[in-house]
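Biologist: Please take a close look at a single part of this model and describe how that part is placed among its neighbours.

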Amino acid sequence: MAALSRVLSVIDGGGPVAQRLVRALHQLERQAVVVGFTGPPGAGKSTLINAYIRHLRQLGTSVAALAVDPSSPKSGGAILGDRARMGEHVTDSGVFVRSLSARGHLGGLTLNIHALVHAVDAAGWDVIILETVGAGQSEVEICRVADASVVVNSPGLGDEVQAMKAGILEIADILVVNKADLPGAANTVQQLTGMLALRSGVGRDVPVITTTATSGDGVEAMAYAIGEVTSQATPTGRAVRARAHAADLIADAAANQVRALMGNTVNDRLDELTQAVLSGELDVTQAAEKALRSIGIESPT
Amino acid sequence: MDDVLSTPGRVLVTKIGLDGHDRGSRIVAAFLRDAGMEVIYTPPWQSIDAVVALARQEDVDVIGLSTLATDHLIIPDLMDALQEAGLEDVKVVVGGIVPNPEHDMLHDAGVAAIFGPGAAREAIVDSVGQLAATAREAKFESLGG
C-alpha cells in the first residue's frame, strides 16, 4: 500500500520518471472495474461512496477510491476533505483512499487520471471508485474514464437540476437522488425522470435510484444498477474512451499554450482585437482566428 | 511542475485523542492551502492507527497535529507507530497548548516543531513548507531525477 501511494505521487508529479512508469503500466490490460461518481457540490457524493464501499466490503471486494477536490485558483493549494466522510474504512486493509487536487485542471478529475487508475489497477484492487470535484455543467470527463458514471443529485439544491439539463445529466449511466429522506425528493425524481423522457437517441435506459447514504437505504439497488452497466464494459470500449479523453486533454493543453503565447507575445495585437470585439467590429471567433494567425497558426475554419 | 519534488507539499491536518475543539486546525488548514499546499483535512477524534493509515495512503510529507487538552501526551505513541509503519521520513508538527516542561518530551520523540498560542502565521507556513520539502526529498531520493 505504501508503494502504491508513492507511485501515485510520482505519476501525479509528472516528469521523466513518471513517464517511465506510465509506459510500463500501459502494457497491462486493465482488470479492475472503474465506477465514477459526479454531481453538484453538497449532493452527498462522498457519503454515498462511503456507503457503497461498505456494501462492496460486505461482499469481500477490495476497493480503492481516488477523490478529487478543486485547487485554489489563487494559491494552487487545496483542502482535500472528501475522505472526512469515509473515516469508517480508514484502517480496513481492503480499502485504499487517495485524495487528489485537481491542480488547476478543469473537467472534474486530474490531468493524469488515466495513469493513476492504471497504477491502482496494477496494484490489484478489484473496484476503483472515482469522485469528481463538485460538478454541474462541463465536468464530463468522468464518462471517458469510468466504466459506469453515477450522477448524484439531491433535493433542495434549487436550480441544480436545471443546471444539469445540458451538462452531466447527459453522461449519466445511473442517476441517483440522494438524501431521499428529505422533503422534495419525490419531486426531484419526477423532474429527472421527465428530463430523461425528453431525450432522444440515447440508446440506453438510465435508471433513477433514490438513496439515503447516511442510512444505507437504496445503496444495494444502486450497486446492482452499477453492476449492470459495468458488466457491459469491454477492453475495446475502454480503449476508445481513453483515446477520446487523451485527444480532449491534448486539445486543452494546446489551447492553454496558445493562451500563454498570446499573453506573452502579441499584446499590442491583442489590444486591437479586444477593442474590435468590444466595439462590435469583429465577433469573438473572427478575433480568435486573427489572434492565431498573428502567432503563426492558421485556423482550420 | 517538473516532477514529484516540485509539486505542492502534502500536509495532513488532524487531531488525535478525545478533544473536539477543531477551530485551530481548520484555521491552520486554510492558511496552509492559501500558501499553496495540499491539505488533507480530517475531523477530530482520529485514532493513532487511523493517522498512520491516512499518512500512508495519502503519502503526506508533514502531519500537523492540533492539541489543546492534553492530547499531546499520546503523540510519542504516534511517533512510534509511524516508525513501525516505515513512515519515519514524514515530519510531525504540533500546534496548540503544550506546557513548556513537556516540549522536550515531544522533541525527544521526534516532533519537528511545536507552535503555541500567538505563533505567527508566516512562521508556521515557512516551517511546514521547509519540512515538507525535506520530507519529500528523503522519500524520493532514490528516484535520481
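Modeller: The account below takes one strand and its surroundings in turn. This is a predicted model, in which local features need pLDDT of at least 70, side-chain atom pairs count only at pLDDT 80 or more, and totals for chains, interfaces and linings use all residues. Residues are numbered from 1 along each chain as its sequence is written, while chains are lettered from A and ligands numbered from 1 in the order in which they are written.

The part chosen is β4 (91–96) of chain B; strands (E, at least two residues) and helices (H or I, at least four) are DSSP runs numbered from the N terminus. Of the 6 residues of β4(B), 6 are buried, that is, 20 or more other C-beta atoms, placed from the backbone, lie within 10 Å of the residue's own. Lys91(B), Val93(B) and Gly95(B) point one way from the strand, and Val92(B), Val94(B) and Gly96(B) point the other way.

β4(B) runs parallel to β3(B), to which 6 bridges join it; strands count as paired if DSSP finds at least two bridges between them. In this pairing Ser66(B) lies opposite Gly95(B). Between β3(B) and β4(B) the chain passes through helix α3 (residues 75–84) of chain B in a right-handed β-α-β crossover, meaning that, with the strands pointing away from the viewer, the path from the first strand over the helix to the second runs clockwise.

β4(B) also pairs in the parallel sense with β5 (residues 113–115) of chain B, over 3 bridges. Here Val93(B) stands opposite Ala113(B). The crossover from β4(B) to β5(B) goes through helix α4 (residues 103–108) of chain B and is likewise right-handed.

Helix α1 (residues 23–34) of chain B comes next. Ser25(B), Val28(B), Ala29(B), Leu32(B) and Arg33(B) are its buried residues. Seen down the helix axis, they fall within an arc of 140° (taken from the directions from the axis to the C-beta atoms), so they line one face of α1(B). The elements against which they pack include β4(B), α5 (121–140) of chain B and β3 (78–80) of chain A. After α1(B) comes Gly36(B), with a positive phi near 95°.

Finally, the nonpolar cores (buried Ala, Val, Leu, Ile, Met, Phe, Trp, Tyr and Cys residues joined through C-beta atoms within 7 Å) may be considered. The largest has 74 residues, and Ile128(A), Leu130(A), Ile174(A) and Val176(A) touch the most other members. A second, separate core of 43 residues includes Val93(B) of the chosen strand, together with Met37(B), Leu78(B) and Leu82(B).

How values were computed. A residue is buried if 20 or more other C-beta atoms lie within 10 Å of its own, exposed if 12 or fewer, and partly exposed in between; C-beta atoms are placed from the backbone. Two residues are in contact if their C-beta atoms, placed from the backbone, lie within 7 Å.
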